[in-house]
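Q: I am new to reading protein structures, and I would like a close look at a single part of this one. Could you take me through one helix and its surroundings, step by step?

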There are 2 protein chains.
Amino acid sequence: MDSAPTHDHEKNRLPHVVVLGGGFGGLWATRALATAPVRISLVDRTNHHLFQPLLYQVATAGLSAPDIAAPLRHILRRQRNATVYMDEVRSIDVAARRVALAGGGLDYDFLLVATGATHAYFGHDDWAAHAPGLKTLEDALGIRSRVLSAFEAAERENDPLQREAWLNFVVIGGGPTGVELAGTLAEIARHTLPREFRHADVRDARIHLVEAGPRLLASMPEDLSEKTRQQLQRLGVQVHTGDAVTAIDEEGVVLAGSRLASRTVLWAAGVAASPLGGQLGLATDRAGRVQVAADLSLPGHPEVFVVGDLASVSQDGKPVPGVAPAAKQMGAHAAGVIRDRLRGAPGKPFRYRDYGNLATIGRMAAVVHFGRLKLSGLLAWWFWLVAHLFFLIGFRNRIIVLTNWAWSYWTYQRHARIIVGKPPAGGGNAKKNGPGGAVS
Amino acid sequence: MDSAPTHDHEKNRLPHVVVLGGGFGGLWATRALATAPVRISLVDRTNHHLFQPLLYQVATAGLSAPDIAAPLRHILRRQRNATVYMDEVRSIDVAARRVALAGGGLDYDFLLVATGATHAYFGHDDWAAHAPGLKTLEDALGIRSRVLSAFEAAERENDPLQREAWLNFVVIGGGPTGVELAGTLAEIARHTLPREFRHADVRDARIHLVEAGPRLLASMPEDLSEKTRQQLQRLGVQVHTGDAVTAIDEEGVVLAGSRLASRTVLWAAGVAASPLGGQLGLATDRAGRVQVAADLSLPGHPEVFVVGDLASVSQDGKPVPGVAPAAKQMGAHAAGVIRDRLRGAPGKPFRYRDYGNLATIGRMAAVVHFGRLKLSGLLAWWFWLVAHLFFLIGFRNRIIVLTNWAWSYWTYQRHARIIVGKPPAGGGNAKKNGPGGAVS
């Protein structure tokens with residue numbers, strides 16, 4: 001594979017930067033090298049950059065998948081020194097400076113690894129089948145099918161206990177994703193669906209949010225955690241803090257020692273770094289994150305950088321959080337160090353600038369913490385909305401997402417309530433005929 | 001399963017109409033019974049009504065799946081005598097007046113079967129894996145992934161012959177779906193993608209449209225078939241009429257005796273009625289369609305009706321075509337006959353009113369045949385656009401679809417270019433390293 005445009009052989013002599021991962025870290029690094037004297041190969045196993053902060057909206061049928069994703073090669077179409085490959089990374093050989101891909105190999109002068117994080121089940125890998133996590137578009141579409149199919153199954157079901165299990169939803173993990181999912185599910189059960197069902201009273205649906213730690217949104221100040229709990233309870237969510245789930249199976253969960261029947265359990269609790277980190281042959285922390293030097297390069301390999309959720313970076317004794325702004329800053333910083341190296345200058349140490357923290361809870365409810373500014377409720381929700389629209393890539397996407405939100409806001413409808421693909425296991429088990437035999 | 005709302009036991013004594021299929025036939029029948037003294041159970045294996053005339057737009061990344069689909073229970077939320085079940089039909093027992101579903105059973109007083117059509121490969125079922133057809137949202141999303149992945153594979157590929165195979169697209173079948181797919185693929189290769197690839201020159205892509213019969217759009221007047229051919233050729237499509245494909249495999253097709261290397265073959269040639277028709281124990285035609293009486297009921301079973309693509313209906317010596325307006329008219333007619341039967345009146349014979357025929361070809365090109373009116377080109381395209389927006393269900397969908405079209409029209413961009421799910425087989429086979437060995 002020759003990474004240079006065929007019409008410009010001059011560029012063949014430029015140093016080759018290989019970027020693995022087209023998320024916030026990899027894409028921001030690539031963009032920051034637009035005018036650098038390098039050629040860049042950006043490799044991602046999908047064809048798109050995903051705006052992960054709105055992924056829960058796809059999982060809850062508020063947005064379509066294409067609303068929050070854009071093809072990487074479209075985003076980078078004008079950056080002539082960047083070539084995009086949709087391919088999977090098989091292994092990294094840091095000694096030979098070579099990446100093996102499913103479809104071939106790439107030799108590099110600089111490597112930037114930004115493959116992010118995935119779900120972690122804390123040693124309970126068998127939970128994955130019953131409690132899907134939310135990291136990719138596939139995850140989001142799978143959760144959408146599961147949630148919508150649960151309401152459909154409840155409508156078919158005659159047995160009241162079974163129907164209750166279909167209408168019990170358990171969200172595990174009280175971080176931003178768990179809070180967003182629980183709040184939105186409550187909104188769907190209370191406002192979106194009720195008039196459309198004839199047998200199941202979907203207002204009976206129970207949304208449980210389970211957090212093993214003492215409070216929700218642990219990265220927020222305590223008073224905002226408490227506001228979050230209050231706003232969720234107002235939406236009808238049952239919040240369990242300090243309670244751990246000790247078992248998950250097809251029938252439900254064991255929570256604080258007692259069984260809760262539920263056919264829909266969602267996992268928003270654990271995150272582990274992409275397994276690629278281990279291949280770099282270096283120290284990783286408990287979550288699989290790679291310990292990097294102050295300038296984000298690998299110790300002993302100044303030509304290799306790790307950024308985003310895959311990097312373990314501490315600052316002032318605290319870990320830099322696994323959020324989009326941190327990944328973007330790391331990507332841009334690593335790009336700067338590559339420019340420095342090309343000039344023979346030493347790389348500067350990375351400093352994370354924390355602009356603040358915000359999380360949405362549900363319809364017109366959110367919490368915001370920006371420096372000394374703390375907001376909750378409707379004002380925070382507007383703040384959240386504007387911030388997210390501002391950062392969403394692509395002018396068209398912003399218009400469409402805003403239109404969809406305005407529509408949902410006024411009608412309580414969620415336009416993407418489409419089940420695609422096979423409904424998850426269990427959907428066909430509902431017994432139509434009660435103990436009395438045939439009905440009509 | 002008791003199909004009556006639990007809060008209204010009065011309705012339990014009303015005759016029970018079971019409708020199988022929520023397409024144009026089933027949904028229009030259900031709506032036409034809104035004020036009839038019956039209770040209706042509408043069963044569909046998906047949760048949505050699909051606006052099939054725009055399905056090719058999802059397959060070619062112009063629209064998102066939720067843009068052209070709406071949940072059946074949302075459409076019918078105000079029709080209190082209708083209950084929607086997402087379930088699969090296992091069998092029909094016309095003697096016992098009972099339908100077996102995956103999740104139970106339904107006894108009926110009237111049955112309306114509207115389960116439509118699927119692809120047919122004329123005895124070559126092994127072709128299905130290599131040449132997917134386009135009937136459901138899953139089909140459309142699968143084709144979208146295949147088409148987009150082919151361009152991605154071409155970008156990774158070093159071998160010129162292999163690259164050519166990735167950039168050759170073969171559409172089999174010169175009816176409306178084949179014409180739409182071929183025209184849109186040509187538009188994508190010529191206008192949407194070129195600037196975004198660095199190695200593959202996607203303007204080299206060849207779109208072949210193959211029709212075994214003598215002309216495209218056989219249901220149109222001959223001069224419009226010729227206009228269609230001309231407009232497609234102007235878009236860059238290579239039109240083969242009178243040529244049959246005799247083999248399809250992973251490497252391509254055999255067309256008119258010679259091999260054409262192509263990694264992306266799409267099937268728009270054959271349609272067969274849903275296999276459910278055979279279960280009614282009655283005569284079916286070659287395509288599996290059920291021969292019905294003049295009032296659309298089953299001979300010998302005045303309480304069972306078959307409508308839409310599953311019904312074989314002739315009028316003035318010609319078969320009624322398998323198009324949306326015919327299905328809607330049949331659904332509404334069967335509902336009328338049920339009302340007649342309830343009053344003890346005989347059912348009237350069905351008459352198909354042919355309002356005309358239209359097909360789109362690509363950007364600003366279409367053909368229209370309405371009575372004595374014949375249009376082609378830009379004017380026909382506007383006619384087509386307005387007609388389709390008018391018939392699209394849901395005010396919101398119309399706005400979003402119009403916005404997407406306006407956007408595509410001005411920018412040539414297609415917003416849904418997102419590959420979700422595993423790329424199809426073959427995507428990982430491209431050899432990155434040419435005969436020369438490692439590259440960088």
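A: A word on records comes before the helix: UniProt annotations may be inferred rather than shown by experiment, and their positions are given here in the numbering used for this structure. With that in mind, the unreviewed UniProt entry annotates residues 16-331 of chain A as "domain: FAD/NAD(P)-binding". In this predicted model, the span of residues 16-331 of chain A is 27% helix and 30% strand, and its end C-alpha atoms lie 17 Å apart.

The part to look at closely is helix α6 of chain A, residues 176-192, whose axis comes within 9 Å of the axis of helix α7 of chain A, residues 222-235, and crosses it at roughly 20°. Angles under 35 degrees count as roughly parallel, and α6(A) and α7(A) are therefore roughly parallel to each other. Their crossing is left-handed, and the contact is made by Val179(A), Gly183(A), Ala186(A) and Arg190(A) on the side of α6(A), which meet Thr228(A), Leu232(A), Arg234(A) and Leu235(A) of α7(A).

Chain B also has a helix α6, residues 176-192, and its length can be checked with a short piece of reasoning: at 1.5 Å a residue, its 17 residues should span 24 Å, and because its end C-alpha atoms are 22 Å apart, the two values agree. This helix, α6(B), is mostly covered, with 13 of its 17 residues buried.

Technical notes
Residues numbered from 1 in each chain as written. Chains lettered and ligands numbered in written order. Predicted model: local features only at pLDDT ≥ 70, side-chain atom pairs only at ≥ 80, totals over all residues. Heavy atoms only, no water. Helix = DSSP H or I, 4+ residues; strand = E, 2+ residues; numbered from the N terminus. Expected span 1.5 Å × (residues − 1). Buried < 20%, exposed > 50% of the residue type's maximum accessible area, 1.4 Å probe, protein only. Axes fitted to C-alpha atoms, helices over the stretch in contact; angles between N-to-C directions. Parallel < 35°, antiparallel > 145°, perpendicular 65-115°, else oblique. Left-handed = near helix turned anticlockwise from the far one by under 90°. Contact = heavy atoms within 4.5 Å.
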